[in-house]
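Subject: Handover of a structure and notes on its features

Dear colleague,

Please find below the structure that I am handing over to you. I should be grateful if you would read the notes beneath it alongside the coordinates.

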Amino acid sequence: MTKETRLKALIWVVPIVFGAGGFYSMMVNSSAGLVEDVSEVQEKIEAHEDLKAHPVTEERLDVIVTEQRAVRAEQIEQGENLAAICQATGANCK
């Protein structure tokens, strides 16, 4: 190899080596950050799965359950009233 060929090879190899090193460094740093991000998301998912329900949804469910109990109590009262009317009048209520 002549001196000129070695110089041309060196001129081509140096940027490739530095570029590969930079790419490797970027990938290593990105991987570390990615592992942290994934672990953070997993912690949030676990915390969310541990919840009985979403806080807002839980409030709405409590309201719905309360309203259903009130409706059920009203239906029982109306059924008793209807039964009393049917019995008092001797009607055949079904």
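The notes below go from the overall form of the chain to its helices, its salt bridges and two separated residue pairs.

Please bear in mind throughout that this is a predicted model.

Overall form

The secondary structure of the protein chain consists of two helices and zero strands. Its C-alpha atoms occupy a box of roughly 125 × 25 × 15 Å along the principal axes. The radius of gyration is 38 Å, whereas a compact globule of 94 residues would be expected to have a value near 12 Å.

The burial figures concern the same 94 residues, of which 2% are buried. The cut-off for that class is a relative accessible area under 20%. The accessible surface of the protein chain amounts to about 8,800 Å², and carbon and sulfur atoms contribute 62% of that area.

As to charge, the protein chain carries 9 positive and 15 negative charges. The mean positions of these two sets lie 13 Å apart.

The helices

Helix α1 covers residues 3-50, and helix α2 covers residues 55-89. With its 35 residues, α2 reaches 51 Å from its first C-alpha to its last, which is close to the 51 Å expected at 1.5 Å a residue. Gly90 follows α2 and has a positive phi, near 75°.

Salt bridges

The model contains two salt bridges. One of them joins the side chains of Glu4 and Lys8, with an N to O distance of 3.7 Å. Glu4 and Lys8 are separated by about one helical turn, because they are four residues apart in helix α1. Glu4 has a relative accessibility of 55% and therefore counts as exposed.

The other salt bridge is formed by the side chains of Lys44 and Glu40, at 3.6 Å from N to O. Lys44 and Glu40 are likewise four residues apart in helix α1, so about one helical turn separates them. How exposed are the two partners, Lys44 and Glu40? Lys44 counts as exposed, at 55% relative accessibility, while Glu40 is partly exposed, with a relative accessible area of 41%. The reason for these two labels is that exposed requires a value over 50%, and partly exposed lies between that limit and the buried class.

Separated residue pairs

Two residues of α2 may serve as reference points when you inspect the model. Ile64 is located in helix α2 and is partly exposed, its relative accessible area being 43%. Between Ile64 and Met27 there is a sequence separation of 37 residues and a C-alpha to C-alpha distance of 52 Å.

Ala88 also belongs to helix α2. With a relative accessible area of 69%, Ala88 is exposed. Ala88 and Asp37 are 51 residues apart in sequence, and their C-alpha atoms are 73 Å apart in space.

With kind regards

Notes:
Residues are numbered from 1 along each chain as its sequence is written. This is a predicted model: local features need pLDDT of at least 70, side-chain atom pairs count only at pLDDT 80 or more; totals for chains, interfaces and linings use all residues. Side-chain values use heavy atoms; hydrogens and water are left out. A salt bridge is a side-chain nitrogen of Lys or Arg within 4 Å of a carboxyl oxygen of Asp or Glu. Buried means under 20% relative accessible area, exposed over 50%, partly exposed in between (1.4 Å probe, protein chains only). The expected span of a helix is 1.5 Å times one less than its number of residues. The radius of gyration is taken over C-alpha atoms; the globule rule is 2.2 Å times the number of residues to the power 0.38. Accessible areas come from the Shrake-Rupley method with a 1.4 Å probe; for residues, only the protein chains shown count as cover. Lys and Arg count as positive and Asp and Glu as negative; His and the chain ends are not counted. The place of a charge is taken as NZ of Lys, CZ of Arg, CG of Asp or CD of Glu.
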